[in-house]
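I opened this entry to look up how the helices pack and what lies between them. My notes follow the structure.

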Amino acid sequence: MTTHDLRHHYASVLLMQGESVIVVAERLGHENATLVLSTYGHLMPDSEERTRRAVNEAWGCAPGVPQNEVPTS
């Protein structure tokens, strides 16, 4: 195992856990996130479910909003 392998592993773990591409780029010392996105973009978790949960949680505290309904799409 090389330091390059460890660097790839580090970036992969951060992205798979939902860390932002910008933060990962900063941790790796890149000027911008383009290289990180093009190299590791396939490892990023599906954002559809994450965004759905975020909106459900934000709206869940509003009175009159139905809870735990499955979206129909």
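For helix names I use DSSP runs: a helix is a run of H or I with at least four residues, numbered from the N terminus. The model is a predicted one.

I looked up Met-16 and found its place in helix α1. Is Met-16 buried or exposed? Neither label fits, because its relative accessible area is 44% and that makes it partly exposed, given that buried means under 20% and exposed over 50%. I also checked Met-16 against Tyr-40: the two are 24 residues apart in sequence, and their C-alpha atoms are 9.5 Å apart in space.

Next I looked up the largest nonpolar core. It has nine residues, among them Ala-11, Leu-15, Ala-33 and Tyr-40. At least two residues come from each of α1 (3–16), α2 (21–28) and α3 (34–40). Which helix gives the most to this core? I noted α2, with four residues.

I then went through α2 itself. Its buried residues are Val-21, Val-23, Val-24, Ala-25 and Leu-28. I asked what covers them, and the cover includes α1 and α3.

I took Val-24 as a single case. Which residues does Val-24 contact, leaving aside its neighbours within four places in sequence? I listed Ala-11, Leu-14, Leu-15, Glu-19 and Val-36. Of the core, Val-24 is itself a member, as are Ala-11, Leu-15 and Val-36.

Last, I checked what follows α2. I found Gly-29 there, with a positive phi near 85 degrees.

Notes:
Residues are numbered from 1 along each chain as its sequence is written. This is a predicted model: local features need pLDDT of at least 70, side-chain atom pairs count only at pLDDT 80 or more; totals for chains, interfaces and linings use all residues. Side-chain values use heavy atoms; hydrogens and water are left out. A nonpolar core is a set of buried Ala, Val, Leu, Ile, Met, Phe, Trp, Tyr and Cys residues joined through side-chain atoms within 4.5 Å. Buried means under 20% relative accessible area, exposed over 50%, partly exposed in between (1.4 Å probe, protein chains only). Contact means heavy atoms within 4.5 Å.
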